[in-house]
Amino acid sequence: FFQYFSSSLLLLILLFRSPLITIFLALRPSSNCVLDYILLGAMHSRKSHTKQSKNKHKQTEEEEVEQRPQAPIIEVWENTYRLEPQKVFKSYLAQKELDSVFEEYLNDDLKYDDIESVKRLSHTLSSEIKQRITKLDIPRYKVVVQTFIGQRKGQTVTIGSRWLWNANTDNYVSKHWKNNYIYVTSLVFATYLE
């Protein structure tokens with residue numbers, strides 16, 4: 001009975017390659033030497049197989065490291081501690097850009113019919129204005145653009161804003177446009193980052 005049990009257990013262990021092989025060798029009587037050799041051979045082949053797979057895994061990791069693109073060298077600069085801008089934000093140049101964007105995107109036939117189209121127009125105007133203002137080559141300035149679009153029905157609208165800024169370096173530009181159906185107001189703020 002033990003011999004039948006041990007050979008069936010041996011087949012299960014060999015099929016699943018379990019670490020119970022060493023326990024099985026310790027528990028079974030040493031009556032059958034052939035089974036001992038088979039078990040030792042299975043254990044040896046399993047160990048050699050795991051060593052080979054670990055070596056292959058190390059080789060593939062080394063090859064992947066060699067094939068990876070090298071990161072660019074990042075230069076680290078010292079702080080400049082610059083408190084004054086090299087180039088000041090010029091409001092008259094920003095006003096010209098603001099006027100050209102309004103002429104390009106707004107016309108007298110514009111109506112406040114579809115809310116989604118008005119929302120897209122507001123986002124488009126803000127992003128286009130910001131893109132053109134940043135092209136004016138004003139380094140170390142933070143540009144904030146706000147665009148307000150509303151329907152005209154005889155109401156009065158007052159838009160106000162407050163900023164804590166340096167009056168020597170920071171500035172703003174605004175533009176207002178309207179037709180019979182809609183009004184558009186854009187504000188551009190440029191603040192110097194010290």
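What percentage of the 194 residues in the chain is buried? In this predicted model, buried residues make up 26% of the chain. The accessible surface comes to about 15000 Å². Carbon and sulfur atoms contribute 54% of that area.

The chain has five helices and three strands. From the N terminus on, the order of elements is α-α-α-α-α-β-β-β. Contacts were also examined by separation along the sequence. Of those with a separation of 6 or more, 70% link residues 24 or more positions apart.

Helix α5 covers residues 115–134. Its expected span follows from its length: at 1.5 Å a residue, the 20 residues should span 28 Å. The end C-alpha atoms of α5 are 29 Å apart, which agrees. Several residues of α5 are buried, including Val118, Leu121, Leu125, Ile129 and Ile133. Ser122, Ser126, Glu128 and Arg132 of α5 are buried as well. The buried residues of this helix pack against α4, β1 and β3. Helix α5 thus has packing partners among both helices and strands.

Strand β2 spans residues 171–178, and β3 spans residues 182–192. The two strands pair in the antiparallel sense. Eight bridges connect β2 and β3. One of the bridge pairs joins Asn171 to Ala190 in β3. A hairpin of three residues leads from β2 to β3.

Aromatic pairs number seven. One of them is formed by Phe89 and Tyr141. The ring centres of Phe89 and Tyr141 are 6.3 Å apart, and their planes meet at 40 degrees. This pair is tilted, because its angle falls between the limits of 30 degrees for stacked and 60 for edge-to-face. Phe89 lies in the loop between α3 (33–67) and α4 (91–105), whereas Tyr141 belongs to strand β1 (residues 141–151). The pair therefore ties together parts that are 52 residues apart in sequence. Both Phe89 and Tyr141 are buried.

A further aromatic group is a cluster. Trp163, Trp165, Tyr172 and Phe189 make up this one cluster. A ring also takes part in a contact with a charge. The charged end of Lys111 sits over the ring of Tyr181. Its distance from the ring centre is 4.9 Å.

Terms used:
Residues numbered from 1 in each chain as written. Predicted model: local features only at pLDDT ≥ 70, side-chain atom pairs only at ≥ 80, totals over all residues. Heavy atoms only, no water. Phe/Tyr/Trp six-rings, centres within 6.5 Å; stacked < 30°, edge-to-face > 60°. Helix = DSSP H or I, 4+ residues; strand = E, 2+ residues; numbered from the N terminus. Buried < 20%, exposed > 50% of the residue type's maximum accessible area, 1.4 Å probe, protein only. Lys NZ or Arg CZ within 6 Å of the ring centre and 35° of its normal. Expected span 1.5 Å × (residues − 1). Contact = heavy atoms within 4.5 Å. Pairing = 2+ DSSP bridges. Areas by Shrake-Rupley, 256 points an atom, 1.4 Å probe, with all protein chains shown as cover.
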